[in-house]
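User: Please show me how to read domains, contacts and helices in a model with two chains.

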Amino acid sequence: MVYHYYPGCTLKTKAKDLDRYGRKSMEALGITLTELENWQCCGGAFTMAKDEIATKLSSVRALADSRDGVLVTLCSACHNVIKQTNYAMANDAEFAMKANNYSKFDVPYNGETKVMHYLEVLRDVVGFDNLAKAVKNPLKGKKIAAYYGCLLLRPSKALQMDNPENPKILEDFIRAIGAEPVLYPYRNECCGGYMATEDQSVAAKKSGQVMDSAAEMGADMIITACPLCLYNLTKNAPGHQIPVYYFTELLAEALGVKD
Amino acid sequence: MQKIGVFVCWCGSNIAATVDVQAVSDTLAKEPGVVYATNYQYMCSESGQNLIKDAIKQYGLTGVVICSCSPRMHEATFRKAVASVGLNPYMLEVANIREQCSWIHKDKALATEKAITLGRAAIAKVQLNAPLQAGESPVVKRALVIGGGIAGIQTALDIAEAGFEVDIVEKQPTIGGKMAQIDKTFPTLDCAACILTPKMVECSQNDKVHIYSYSEVTSVKGFVGNFTVSIKKKARYVAENKCTGCGECTTKCPMKNVPNEFNLGLDNRRAIYIPFAQAVPKVATIDPNYCNMLKNGKCGLCAKVCTAGAIDYKQQDQVIEERYGAIVVATGYNPIKLDKFEEFDYSLSKDVVTSLELERLMNAAGPTGGTLLRPSDGTHPHTIVFVQCVGSRDTSGCGKPYCSKICCMYTAKHAMLIREKYPDTEVYVFYIDVRTPGKNFDEFYRRAVEQYGVHYIKGMVGKVAPRADGKIMVQASDLLANEQLHIEADMVVLAAAIEPDKSARPLATMLTASMDTNDFFTEAHPKLRPVESPTAGIFLSGVCQGPKDIPETVSQASAAAAKVIGLLVTAKLTTNPCVAHCNELMCNGCSSCERVCPYGAITYVEKEFRMPDRTTQLRRVASVNPAVCQGCGACTVACPSGAMDLNGFSNSQIMAEVDAICQK
C-alpha cells in the first residue's frame, strides 16, 4: 500500500513541527509517507457554494494523483477540505462532472481514493494497541487535554472519523502514548480562528474558554492536529498559560525519535 | 363463459378526479364476457351495493368486478353484498384503481388507461374463478399479553374480567414497567405507584391471570384463534414457588456494587435482588453476571440465609409451549441513548440527567429517598435547566423525527413539583413548542408558568459545559428576545425522546406483524382499527404502537382487551378458503413445498394410484391441512412441477391477469 502524503502549505511554514515529527514517527512505526508530487494549497476552507469549483480543484488533483493508494493528511483544515471534496466527487454527480470536465484526467475521477487522517492511520492501520507497544518513553503521569476543534470531525457525514459530539480518537491516542486524557466540555468547540482577522475579541473569547476549561479540569497541556487552532490558542488567548502542542510532537517524544 | 358485471366507483372525487370513470366502464363493457358495466359515485354506499345486487338479479351475473379502492378496504363489504343475492362471494374481484392508480398519478389520460388495464386483469381473473366455500376453525379460549407494563396489565385484567384465561410475559423480573419507576403522574399529581401497584397485585391474585416474569417469547406459530407460542423462562436461580420475598438474601449478598437498573444506575443493588418493594411476583432473582457462586462457585451466602430453601444455583432456562387464541403486543418504550447528543455533556457530568432519572431522584423509594440532590455531590440544586425535545422532532438523523408526546407534560410536572417543594430553586425550561392537548393538560402547563413561576424560554440549548467547581454552564438562545443566554446551573435535565423497546422488532418478525420505519407497530387502520395489527389475531396496546401517556395507554389497553374478548367469545372462526391444494397426479414428492411452508401445513402421504396400464403404484404426495394453511402461496412458487396451486389465486388465474395486463 502506498501512503501518499499531503502536507499542505502551513506545514511547510508555520507548522513545521507538526509535519517533521509526523513523518519521523510514522517512519518509526514502519510506514513510509510519500509526499505527493506537485501538491498545491487545499484552499484552506471548504466553500459551501454549489457552483464553487475552482477552489476545490487542487484537492481534486491531489485525490486523482493518489488513486494507487491512500491519501494521508495531517493538517485538520487540509483534511477537512480534501475529505469533503472527495465526498462531493463521489456523491454529487454535477460537481464531479464539472470538476472532471475542467481537469481533463485520462480517466475521470469519481472519489475512488481513500482519504485518511494521520490519526486514522494510527488507529486503523497501526492500531493503538501496537502503538502502545512501540512506545519507548511513555508519557507517564502527564494529564493531556485533547482539542479537536471544529474541522477534524465535522461534517461527520462526509468526514466519518468519529462521533463529532463525543469523540475518542485523540483520547485513545493519549492513552496509547502512556499519558492520561482529560475530558472537558470544550474539546470539540471552535477556537474562533476564522474570526481572528475580523474581530479578534471573539477569537480571544472562544480560545480562552477552551484553555480555561482544559486547565480547570486539570490538564497539564493541550494537544491538537490543527495549525490554526494552535496559533489561535497560543497567540490569541493571552493570559492563559497552559502549553499547546501538536500531537505529533508528543508522539515523536513517546517513540523516542524527537531530536 | 361467465356473465360478468363491471362496477366502477368514483369514490367521490378520489377516483373520478384522476380517472375518467365513464371511459373505464364504457371500455370494459366491450371486454369478452362482460354483459353489464356501469359507474357510480359511491359503490360502497347502500344504494351502490343495491346497484350491484339488482344487476346480479337482472342480468344473471356469474362474476362481478368492482373497480374501486384497495380490497383491504371494502372487499369484505362487496363479498357480503353479492352473497346476499346468492352469488358465491369468491366470484367477486376488486381492481384497486384508487391506492394503486388515482391517488398516485396526476395525468388523467394515463391514469384512465391504467385503470382500464387493472379492470381488464380482474375480468380475466374472474373468468377463471370458481365458487369457494369457507371452512371453520375453533378458537383457543386463552390470550397472551407480551409486556407487563401498565398497558399489558390493563389489557390482561380486562380480558380476565370477561372470564378468559390470560398470560402475561414480562422480560424483567417484575411486572410494572416504566410506570413503576415514575414518581407522580400528570395532570393530577397523584402518586404513580399508588395507582399502579394495586393493579399489579390484582394480576397476581386473579386466578385467570398467569404471569411469566423474567421470560421472553421465543417463537410464534399458527394463526388467529390458534397460535402456539414458546416462552423462555430465564433461570432466576430462585424457585418462584418457594421464595417468600422476605428479602433477607438481598441484604446479605456480598456483591454490593451492581448498578441498579430500576434506579437507572443511580445507585447499586446486590447480585441477588428484588427490583423494588412492591414487585410482582415478589421473588428474588440472581444476576448471573455478578453472582460469585454462579461465576466461580465461591460464596453461596444467599442459599445459607434463605430459610425457605428457595435458592437453586442449578436452575436452567425453561421453555414452555402454550396455545392462544389471541396475542396482544404491549412491549412499551425506552428513552433513547444520548450518545449522539453530547453537546449536553450527559456522559461528562453526573448532574446532567434524563427525565426518567429525575423521576427516580424525586421518588421517595428512589436512591435519595425523595429529596432532590445532585448525583455528583449530594447537594441541593438551586438552578435547574430543563431541555425539551432532546432527540424528538429531530430531522438531523441523530434523533427521531416524531414528537415523543409525553415530554411537555412531564417536564411541566417536574418543574412544578420542584418549585412546590423547593421554592428557592430557579427552574428554566427550554422548548421548541409546548404541546399540551388533552383534558386539563394546558391548564396544568399554565399553572406551572403562572402560579409556580417556572421560566419557560422558547429556544434550544446549544452547549452544556460542566465546570470544575461543580456548576454547569448552559448556553442557549432565547428566540423571542433574540438574545443569547448563559445560565449557571446546578443540574440539567434532558427530556430524551422515547423509542420502541428493542425487543419489538424481532417480535414483529415472529408475529408477522408490520412496523413503521421507527419500529412502532402499524395498526390495521390508522383511524378505524387503531388497536389491531393488520395480522389477524394480533392486537396492540400502549406505546409499542406510538408515543402516548398513561391515560391514553390505558384507554388503548382496554380497547385491545375488548377486541380480544370479541374474538375469544366467537365459537368458531370462518377460515379463508383460499388455501393451497396439491394436484396429486403432478406431485413428484420432492418436499420443496413442505420446506418453504411457514405454517407447517404440508405433510406427505403414501398413496396408491391407478396407472394408465391398469397397474397400481404407491407414490409419496403432498397433502395440505386446510385448517392450518394461510394461503401465502409460497408452496405454489416453490413447487417445481406445478402441482401446488392456491384456491382463488391459481397459477392459471394469475397468468391470465398478467396476459390481460401485457396485451394492449
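Analyst: The turns below take up domains, contacts and one helix. This is a predicted model, in which local features need pLDDT of at least 70, side-chain atom pairs count only at pLDDT 80 or more, and totals for chains, interfaces and linings use all residues. Residues are numbered from 1 along each chain as its sequence is written, and chains are lettered from A and ligands numbered from 1 in the order in which they are written.

User: Into which domains is chain A divided?

Analyst: Domain bounds come from an automatic or database domain assignment. In chain A they give domain 1 (2–119) and domain 2 (128–255), with C-alpha centres 23 Å apart.

User: How many residues does each of these domains bring to the contact?

Analyst: Two residues are in contact if their C-beta atoms, placed from the backbone, lie within 7 Å. Domain 1 of chain A gives 22 residues and domain 2 of chain A gives 21 residues.

User: Which elements give two or more residues to the side of domain 1 of chain A?

Analyst: Helices are DSSP runs of H or I with at least four residues, numbered from the N terminus. Here they are helix H1 (16–28) and helix H3 (76–91) of chain A.

User: How many residues does the contact between chain B and chain A take from each?

Analyst: Chain B supplies 12 residues and chain A supplies 9 residues.

User: Why is H5(B) described as largely enclosed?

Analyst: A residue is buried if 20 or more other C-beta atoms, placed from the backbone, lie within 10 Å of its own. Of the 20 residues of H5(B), 15 are buried, so the helix is largely enclosed by the rest of the structure.

Notes: A residue is buried if 20 or more other C-beta atoms lie within 10 Å of its own, exposed if 12 or fewer, and partly exposed in between; C-beta atoms are placed from the backbone.
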